[in-house]
Amino acid sequence: MGYRFELITGPMSCGKTEELIRRVKRLVIAKKKVKIISPAIDTRSKSDIIESRNGMFLDTCKVKDAASILDVVEKSDDVVAIDEMQFFDEYILEVVKTLIAQGKRIIGCGLDLDFKGEPFGSMPQLLAYADKVDKLTAICMKCGSEYAVRTQRLIDGKPADKNSPLIMIGADETYEARCLDCWELRDEQKEKKARKLSVLTFGK
């Protein structure tokens, strides 16, 4: 029967969507009916497509929440491909289980960690439930390492503060892949306290 739920994960720019599209195209050649779904919150591409960074794209159904996935999947669909799974609410795992119970094959992709280096949304539960997980790495945009495993958020060209909003939809100028050595997370409150302490100490 093969895998029921396969999940592609990793940092920004590692090729997750590109790999999702590649698998979907193979399934189409195999004459499988595939329904492609992505969250409406992801506005980087036109509303009717998912697009990889190398220009590959496929038509998609944009939905506002996890429950809405069940409304657009048809009985005749063999496979359901879900892009950017980290953006869906906590009901996404139950949706996956429901689709599997209906005999669907699920192929999903999403960021495993957020810009703070913490598990992103329901991804930990999805990773634990998946039959097959492919964790990809990217090229570090700072040093060129082939083992970038973190997503660096940049605001005005500088590493973002850890207290900035979790979700900020952007492109290369906002996010980039970094290796562990180059990944940075600022703590402005801690920096301010350190500067204040330094001034007080210097004053003495």
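Begin the tour of this predicted model by selecting Glu184, which is partly exposed because its relative accessibility is 32%, a value between the 20% and 50% cut-offs. Add Lys142 to the selection: the side chains of Glu184 and Lys142 form a salt bridge, with 3.2 Å from N to O. Glu184 sits in the loop between strand 11 and helix 5 (188-203), and Lys142 in the loop between strand 8 and strand 9 (150-155); the two are 42 residues apart, and the pair links distant parts of the chain.

**Further salt bridges**

Next, select Lys135 and Asp112, whose side chains meet in a salt bridge at 3.1 Å, N to O. Lys135 belongs to strand 8 (residues 132-135) and Asp112 to the loop between strand 7 (105-111) and helix 4, so this pair ties together parts that lie 23 residues apart in sequence. Are the two partners buried or exposed? Lys135 has 58% relative accessibility and therefore counts as exposed, whereas Asp112, at 7%, counts as buried.

Move to Lys35 and Glu74, where the side chains form a salt bridge of 3.2 Å, N to O. Here, too, distant parts of the chain are linked: Lys35 is in strand 2 (residues 34-39), Glu74 is in the loop between helix 2 (67-72) and strand 6, and they are 39 residues apart. Lys35 is buried, with a relative accessible area of 10%, while Glu74, at 41% relative accessibility, is partly exposed.

To view a linked group, select Glu6, Glu19, Arg22, Arg23, Arg105, Lys132 and Asp134; salt bridges connect these residues in a network. The count for the model comes to 17 salt bridges.

**Strand 2 and its partners**

Keep Lys35 in view and extend the selection to strand 2. Why is this strand described as largely enclosed by the rest of the structure? The description holds because 6 of its 6 residues are buried. Colour its two faces separately: Val34, Ile36 and Ser38 point one way, Lys35, Ile37 and Pro39 point the other way, and all are buried.

Now display the neighbouring strands. Strand 2 and strand 6 run parallel and are joined by 4 bridges; Val34 has Val79 as its bridge partner in strand 6. Strand 2 also pairs with strand 5 (residues 61-63) in the parallel sense, over 3 bridges, and the partner of Ser38 in strand 5 is Lys62.

**The nonpolar cores**

Which residues touch the most other members of the largest nonpolar core? Select Phe5, Ile69, Met85, Phe88, Ile106 and Leu126, which hold that position among the 21 residues of the core. Strand 1 (5-10), strand 6 (79-82), helix 3 (92-101) and helix 4 (123-129) each contribute at least two residues to this core. Helix 3 supplies the largest share, 6 residues. In soluble globular proteins, nonpolar side chains tend to be buried together.

Centre the view on Ile69 and show its surroundings. Leaving out residues up to four places away in sequence, Ile69 touches Ile37, Val63, Ile82, Phe88, Ile92, Val95 and Leu99. A second, separate core has 10 residues, including Leu20, Ala81, Ile107 and Cys109.

**The sheet of strands 9, 10 and 11**

Next, select the open sheet of 3 strands, which has the order 10-9-11 and antiparallel pairing. Its edge strands are strand 10 and strand 11, each pairing on one side only. Strand 9 and strand 10 are paired in the antiparallel sense over 2 bridges; within this pairing, Leu154 has Pro159 as its bridge partner in strand 10.

**The loop between strand 10 and strand 11**

Follow the chain into this loop and select Pro165, which lies there. Pro165 counts as exposed because its relative accessibility is 52%. Which residues does Pro165 contact, aside from neighbours within four places in sequence? The contacts are Phe115 and Arg153. Pro165 and Phe115 are 50 residues apart along the chain, and their C-alpha atoms are separated by 10.0 Å.

Finish at Leu166, found in the loop between strand 10 (158-159) and strand 11 (175-178). Leu166 has 37% relative accessibility and therefore counts as partly exposed. Add Ile41 and Ile167 to the selection: together with Leu166 they make a nonpolar surface patch of about 210 Å².

Note on methods
Residues are numbered from 1 along each chain as its sequence is written. This is a predicted model: local features need pLDDT of at least 70, side-chain atom pairs count only at pLDDT 80 or more; totals for chains, interfaces and linings use all residues. Side-chain values use heavy atoms; hydrogens and water are left out. Patches are made of residues with over 30% relative accessible area and no salt bridge: like charges are joined within 9 Å, nonpolar side chains (Val, Leu, Ile, Met, Phe, Trp, Tyr) within 5 Å. Accessible areas come from the Shrake-Rupley method with a 1.4 Å probe; for residues, only the protein chains shown count as cover. A salt bridge is a side-chain nitrogen of Lys or Arg within 4 Å of a carboxyl oxygen of Asp or Glu. Buried means under 20% relative accessible area, exposed over 50%, partly exposed in between (1.4 Å probe, protein chains only). A nonpolar core is a set of buried Ala, Val, Leu, Ile, Met, Phe, Trp, Tyr and Cys residues joined through side-chain atoms within 4.5 Å. Contact means heavy atoms within 4.5 Å. Two strands pair if DSSP finds at least two bridges between them.
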